[in-house]
Amino acid sequence: MENIQAVAFFDLDGTLLNDKSQITSEITKAISSLKANNVLPMIATGRTVVEIEHIMKDSGIDSAIVMNGQFIQVEGKKVYSDEFTYDECLKMYEHVKSLGHEISYYNDQQIWCSGHSEILANAYAFIHSDVPVIDHSSLKDKTINMMLVLSEDGDEHYLKHFPEMTFYRNGPYSIDTVRKGVSKGSGVKNLFKALDLPTVPTFAFGDGINDLALFEACDNKIAMGNARNELKERASFITKKNTDGGIVHALKHFDLM
């Protein structure tokens with residue numbers, strides 16, 4: 001780790017992945033070049049480790065800030081984990097059910113849900129992932145880093161009743177739920193604390209609302225050509241679309257490969 005010259009953080013959907021949520025050979029080569037240049041590549045995503053194992057394998061990236069900053073692993077090893085209490089999970093479950101929604105629970109090894117619905121199926125199809133298994137057993141002895149509310153509405157209700165949490169609606173069917181103050185940006189800060197990394201240049205690549213905090217935490221902010229306007233307005237550099245070689249274009253622009 002002492003030879004690291006820079007750290008590059010990559011969002012997945014709309015950024016590192018193509019339109020089929022896959023890693024292209026072009027990306028794999030680019031990541032190899034980064035490593036050769038002593039740049040630490042890291043995934044920064046709302047997903048959890050078990051969901052992205054194939055992406056990590058295909059890309060050659062084994063370090064990640066996942067679940068929007070709730071869990072961090074570097075070179076395959078856990079370095080940080082923020083976990084919900086049983087009471088927090090129970091309160092959320094009761095509100096979710098009262099609104100007729102479903103909920104999924106996440107840690108680095110497992111995903112399970114309270115029940116299946118059309119909205120839940122749509123949510124996972126939206127990111128080309130399998131529907132999680134239903135598990136009605138007690139949450140008391142389970143590790144839960146993130147909760148996912150499966151709904152097309154109810155945003156204001158959750159914001160009102162859970163001021164201690166942060167909600168990211170990253171698609172039409174689901175809301176990522178993490179502890180207040182937790183974000184991809186806090187993940188960057190916790191990464192540097194956990195590893196006692198030297199001050200090196202940081203590069204953030206993203207396209208969505210939950211990448212704003214990542215932008216704020218990094219020196220160089222790269223918005224994809226397909227990014228939300230909110231990111232483009234804050235970007236150091238706007239690259240091409242994720243489906244048009246945007247990652248490689250930006251890496252070359254910053255002389256990282």
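Which residue in β11 is the bridge partner of M147? To find out, let's walk through this structure together, keeping in mind that it is a predicted model.

Start with strand β11, which spans residues 174–179. Is this strand mostly covered or mostly open? It is mostly covered, with 6 of its 6 residues buried. On one hand, β11 pairs with strand β9, made of residues 146–150. These two strands run antiparallel and are joined by 4 bridges. Here is the answer to our opening puzzle: the partner of M147 is T177.

Strand β11 also pairs with β10, which covers residues 165–169. This pairing is antiparallel too, and it extends over 5 bridges. If you look for R169, you will find I175 of β11 standing opposite. How many residues does the hairpin use to join β10 to β11? The chain makes that link through 4 residues.

Now let's turn to the helices. A little background helps: an α-helix has 3.6 residues a turn, so residues three or four places apart point the same way. Try this idea on helix α3, residues 49–59, where the buried residues are V49, E51, I52, I55, M56 and S59. Viewed down the axis of α3, these buried residues fall within an arc of 125°, so they line one face of the helix. Just past the end of α3 comes G60, which takes a positive phi of about 85°.

Helix α5, residues 118–126, can be read in a similar spirit. Its buried residues are L120, A123 and Y124. Around the axis they cover an arc of only 90°, which puts them on the same side of α5. What covers these buried residues? The cover includes helix α3 and strand β11, both of which you have already met, along with β6, β7 and β9. Just after α5, H128 takes a positive phi of about 55°.

Our last stop is a loop. Between β12 (202–206) and α8 (212–217) you will find N210. Is N210 buried or exposed? Its relative accessibility is 8%, and since buried means under 20%, N210 counts as buried. The side chain of N210 makes a polar contact with the side chain of N68, at 2.9 Å. Setting aside neighbours within four places in sequence, N210 is in contact with G46, N68, Y168, N170 and K184. One of these, Y168, takes us back to strand β10, which spans residues 165–169.

Methods. Residues are numbered from 1 along each chain as its sequence is written. This is a predicted model: local features need pLDDT of at least 70, side-chain atom pairs count only at pLDDT 80 or more; totals for chains, interfaces and linings use all residues. Side-chain values use heavy atoms; hydrogens and water are left out. Buried means under 20% relative accessible area, exposed over 50%, partly exposed in between (1.4 Å probe, protein chains only). Two strands pair if DSSP finds at least two bridges between them. The arc is that of the directions from the helix axis to the C-beta atoms. A polar contact is a pair of N or O atoms within 3.5 Å; within protein, one must be able to donate a hydrogen and the other to accept it, and residues adjacent in sequence count only if both atoms are side-chain atoms. Contact means heavy atoms within 4.5 Å.
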